[in-house]
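Colleague: Before we discuss the particulars, please let me see the structure, and then take me through the reasoning behind each term you apply to it.

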Amino acid sequence: MAQRRRFPAFANPLPALGRSIARRPWVMRAGPLVVLLERLVRLLTRGRHGVLDLAGLPSMELTVLGRRSGVPRTVSLLYVPDGPQRYLLVGSNWGRPEHPSWSANLAAASDAEVHSGGQRVKVRVCRLTGAEREAAWARAVDYWPGYTMEQRLAGPRQFRLFELTAI
């Protein structure tokens, strides 16, 4: 006997809405509020979820050693899924002219830890350059079109792009 679904299939409209809203410049000014809400939701869910997760977008907590202090630093980030157990991170910093501090720590690291969807995964860090970076940038912009606006806002600063692969 075939199993019946109890509820109709439901497609979450929030990711499409988020991608649409991300193209608006005022969203970049709301960045500090989003970061605050992200921390609050992560605290309440013991790190299992963030604001972006609730909106149907992929987010993670990235833990990497501080490049100077050696102390573990954790930050919540949007990521671009790039295959099984592979993540792309874009150092957009909400379109500000300076690189985000987490990206300097990640650039100095060979490995890190990702906490996403209730799972902790050790990852190998690879900073992308040249043709690899350009191909990854195209995939990132295709996934999250707001990066193009953020790049315009950042001026001449080229975003750092990283590929994290599960070890």
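Modeller: I shall begin with a pocket of this predicted model. The second largest pocket has a volume of about 180 Å³.

Colleague: Which residues line the second largest pocket, and what makes a residue part of that lining?

Modeller: A residue belongs to the lining if it has an atom within 4 Å of a grid point of the pocket. There are 13 such residues, and T63, V64, L65, D111 and A112 lie nearest the centre of the second largest pocket. Both β1 (59–65) and β5 supply at least two residues of this lining.

Colleague: How is the lining of the second largest pocket divided by residue class?

Modeller: Its residues comprise 6 nonpolar, 3 polar and 4 charged.

Colleague: How do you know that β5 and β6 are paired, and in which sense do they run?

Modeller: Two strands pair if DSSP finds at least two bridges between them. Strand β5 (residues 111–116) is joined to strand β6 (residues 119–127) by 6 bridges, so the criterion is met, and the two run antiparallel. Among the facing residues, A112 stands opposite V123 in β6, and H115 has R120 as its bridge partner there. The hairpin of β5 and β6 has 2 residues between the strands, and G117 takes a positive phi near 60° in it.

Colleague: What makes β6 and β7 a pair as well?

Modeller: The requirement is at least two bridges. β6 and β7 have 5, in the antiparallel sense, and therefore count as paired. Within this pairing, R127 stands opposite F162 in β7.

Colleague: What is the order of the strands in the open sheet, and why are β2 and β3 said to stand at the edges?

Modeller: The open sheet has 7 strands in the order β2-β1-β5-β6-β7-β4-β3, with antiparallel pairing. β2 (72–78) and β3 (80–81) each have a single partner strand, so one side of each is left without a neighbour in the sheet.

Colleague: What is the mean pLDDT of the chain, and which elements have the lowest and highest means?

Modeller: The chain has a mean pLDDT of 84, and 81% of its residues reach 70 or more. Among the elements, the lowest mean, 63, belongs to helix α2 (residues 25–29), and the highest, 98, to strand β7 (residues 161–166). Residues 1–8 have a pLDDT below 50, and beyond near neighbours in sequence this stretch has 0 contacts in the model. Where pLDDT is low, the predicted coordinates should not be read in detail.

Note on methods: Residues numbered from 1 in each chain as written. Predicted model: local features only at pLDDT ≥ 70, side-chain atom pairs only at ≥ 80, totals over all residues. Heavy atoms only, no water. pLDDT = per-residue confidence, 0-100. Helix = DSSP H or I, 4+ residues; strand = E, 2+ residues; numbered from the N terminus. Contact = heavy atoms within 4.5 Å. 1 Å grid on protein atoms, 1.4 Å probe; cavity = no way out; pocket = protein on both sides within 12 Å on 5 of 7 lines; lining within 4 Å. Points joined across faces, edges and corners; volume = space filled by probe spheres on them. Nonpolar A, V, L, I, M, F, W, Y, C, P; charged D, E, K, R; others polar.
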